[in-house]
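Trainee: I have a structure open and would like to go through part of it. Can we start with the strands and then look for holes?

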Amino acid sequence: MHGRLKVKTSEEQAEAKRLEREQKLKLYQSATQTVFQKRQAGELDESVLELTSQILGANPDFATLWNCRREVLQRLEAQKSPEELAALVKTELGFLESCLRVNPKSYGTWHHRCWLLGRLPEPNWARELELCARFLEVDERNFHCWDYRRFVATQAAVPPAEELAFTDSLITRNFSNYSSWHYRSCLLPQLHPQPDTGPQGRLPEDVLLKELELVQNAFFTDPNDQSAWFYHRWLLGRADPQDALRCLHVSRDEACLTVSFSRPVLVGSGTETLLLMVDESPLAVEWRTPDGRTRPSHVWLCDLPAASLNDQLPQHTFHVIWTAGEAQKECVLLKGRQEGWCRDSATDAQLFRCELSVEKSTVLQSELESCKELQELEPENKWCLLTIILLMRALDPLLYEKETLQYFQTLKAVDPMRAAYLDDLRSKFLLENSVLKMEYAEVRVLHLGHKDLTVLCHLEQLLLVTHLDLSHNRLRALPPALAALRCLEVLQANDNAIESLDGVTSLPRLQELSLCNNRLRQPAVLQPLAACPRLVLLHLQGNPLCHAVGASEHLAELLPAVNSILT
């Protein structure tokens with residue numbers, strides 16, 4: 001055994017490491033305690049920088065210590081000469097780089113670097129862009145670094161075209177780079193701003209077609225990577241529509257004017273102001289939401305004084321001006337008529353799809369065929385299946401409705417964990433199609449029964465509907481937004497799973513409500529119906545509340561004028 005080195009046993013190694021960790025922890029705790037004591041005593045000097053460097057160098061995510069360093073640096077700014085301060089900043093930048101090498105995704109480190117560069121009179125932005133490029137070479141998905149690069153590019157006024165070229169280089173190297181694709185979606189609208197007359201965020205068609213070609217190459221290179229599929233969905237999405245008043249409706253019986261907007265607004269918030277002119281004279285009114293809640297809503301209404309509904313005059317003209325949206329609309333109430341309205345058509349306004357040129361339709365049709373070919377090769381690729389659905393909706397939602405539903409069924413089988421989301425998306429598309437069909441038929445009756453709906457959306461589009469059938473679906477509630485249906489007279493919602501009636505509050509014209517075979521358990525859940533002044537017939541057979549003790553008496557007290565059918 002003489003002359004041979006003794007090899008430590010595993011137990012000895014473990015004990016040595018434990019002692020080493022304990023020693024490091026003691027030093028760490030001691031330094032931290034000293035920093036906090038000096039900070040509390042107001043001793044913010046360079047010794048605090050040294051102490052925090054020891055801790056942050058090993059653990060850059062100690063946010064409080066970055067705050068201490070900023071306090072020290074702010075104090076030293078008033079004490080140091082410009083030369084000394086420049087040297088201090090150079091040292092600080094070098095220290096930050098060393099911390100980023102320890103943890104390239106440290107929130108505190110990147111934030112501190114932004115703060116430091118923001119205080120310099122002449123930062124070296126070119127060097128910062130080079131730093132970002134180096135870190136993105138190591139990890140091109142480091143979104144902390146991407147955020148910092150966007151900050152630097154903005155501060156340095158880097159032309160968007162240069163940044164777009166940078167994303168080109170990274171995407172060409174690896175299509176699986178979500179941050180690069182996302183950055184493109186921010187840069188392209190800057191490079192190709194649309195005139196004020198068009199929706200904000202929509203790309204010119206030639207640019208869009210080029211992007212579609214780029215992203216299709218990514219599909220076939222790596223069909224299972226989600227980055228390009230998400231970008232493709234953004235390309236197919238609609239830009240934000242122009243602010244508009246979609247519909248005006250005036251009712252003589254309810255002495256009420258209702259306005260439907262292109263987006264949810266909060267009237268009276270100081271920024272969203274509505275001006276009402278009746279027969280060319282301004283009228284001061286109080287605006288409210290249909291459900292009585294003070295929150296952004298697509299629909300707002302106001303009560304009208306009797307003088308503005310005088311039936312002795314040939315007509316009354318109601319003119320609403322939306323100052324924030326720079327939009328206005330006018331409707332006329334004729335003598336002898338109980339209501340009048342003026343609305344934008346969902347079909348004419350292309351509310352649910354983009355208006356396609358021949359060239360764009362050809363490209364999207366080609367993409368649809370290519371995706372179908374890819375789906376045959378990758379039958380369980382959920383991104384491909386979803387993109388096929390979106391392409392068919394962009395091309396012609398009514399023409400492809402049956403095929404779209406089949407693809408939804410396949411997609412749910414492939415991606416069962418997102419079945420609820422897919423059911424809601426399918427419901428949204430079906431309701432959009434139903435609105436289009438209703439408008440083409442020029443009727444105010446909407447049949448949505450037997451469609452397996454799980455949610456209700458676009459209810460602001462149904463302001464003029466008088467009869468609505470929601471029977472035989474999977475709805476769990478009649479949502480508050482249903483209160484927007486100011487003209488609704490008959491509502492059928494049999495054979496669902498409805499437990500809540502919040503949306504039935506204050507439907508001024510509702511006369512008949514059928515809720516058979518739902519999950520209404522207690523008579524108290526019907527309380528919102530008490531605010532429906534014209535309700536006379538209520539069907540409740542097959543609900544658990546029908547078996548509740550005293551249910552009939554409770555309903556009779558709650559709704560004395562209603563013929564409630566329980567059995």
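Trainee: How many bridges join β1 to β9, and which way do the two strands run?

Mentor: This is a predicted model, so keep that in mind. In it, β1 and β9 (residues 339-343) run antiparallel and are joined by five bridges. One of the facing pairs is Cys247 in β1 and Arg343 in β9.

Trainee: What about β1 and β2, how do they pair?

Mentor: Also in the antiparallel sense, over six bridges, with β2 covering residues 256-265. Leu245 stands opposite Phe261 there.

Trainee: How many residues sit between β1 and β2?

Mentor: Four, and the two strands form a hairpin. In the turn, Ala255 has a positive phi of about 50°.

Trainee: Why is β1 said to be largely enclosed by the rest of the structure?

Mentor: Because seven of the seven residues in β1 (residues 245-251) are buried, and buried means under 20% relative accessible area.

Trainee: Now the holes. How many cavities of 30 Å³ or more are there?

Mentor: A search of the whole structure gives six. The largest has a volume of about 80 Å³.

Trainee: Which residues line the largest cavity?

Mentor: Among them are Arg246, Cys247 and Arg343, along with Ser260, Glu439 and Leu464. You met Cys247 and Arg343 before, as the pair that face each other across β1 and β9.

Trainee: And by class, what is in that lining?

Mentor: Five charged residues, three nonpolar and two polar.

Trainee: Which domains does the lining draw on?

Mentor: Domain 3 (245-342) and domain 4 (444-565) each supply at least three residues.

How values were computed: Residues numbered from 1 in each chain as written. Predicted model: local features only at pLDDT ≥ 70, side-chain atom pairs only at ≥ 80, totals over all residues. Heavy atoms only, no water. 1 Å grid on protein atoms, 1.4 Å probe; cavity = no way out; pocket = protein on both sides within 12 Å on 5 of 7 lines; lining within 4 Å. Points joined across faces, edges and corners; volume = space filled by probe spheres on them. Nonpolar A, V, L, I, M, F, W, Y, C, P; charged D, E, K, R; others polar. Domains from an automatic or database assignment. Buried < 20%, exposed > 50% of the residue type's maximum accessible area, 1.4 Å probe, protein only. Pairing = 2+ DSSP bridges.
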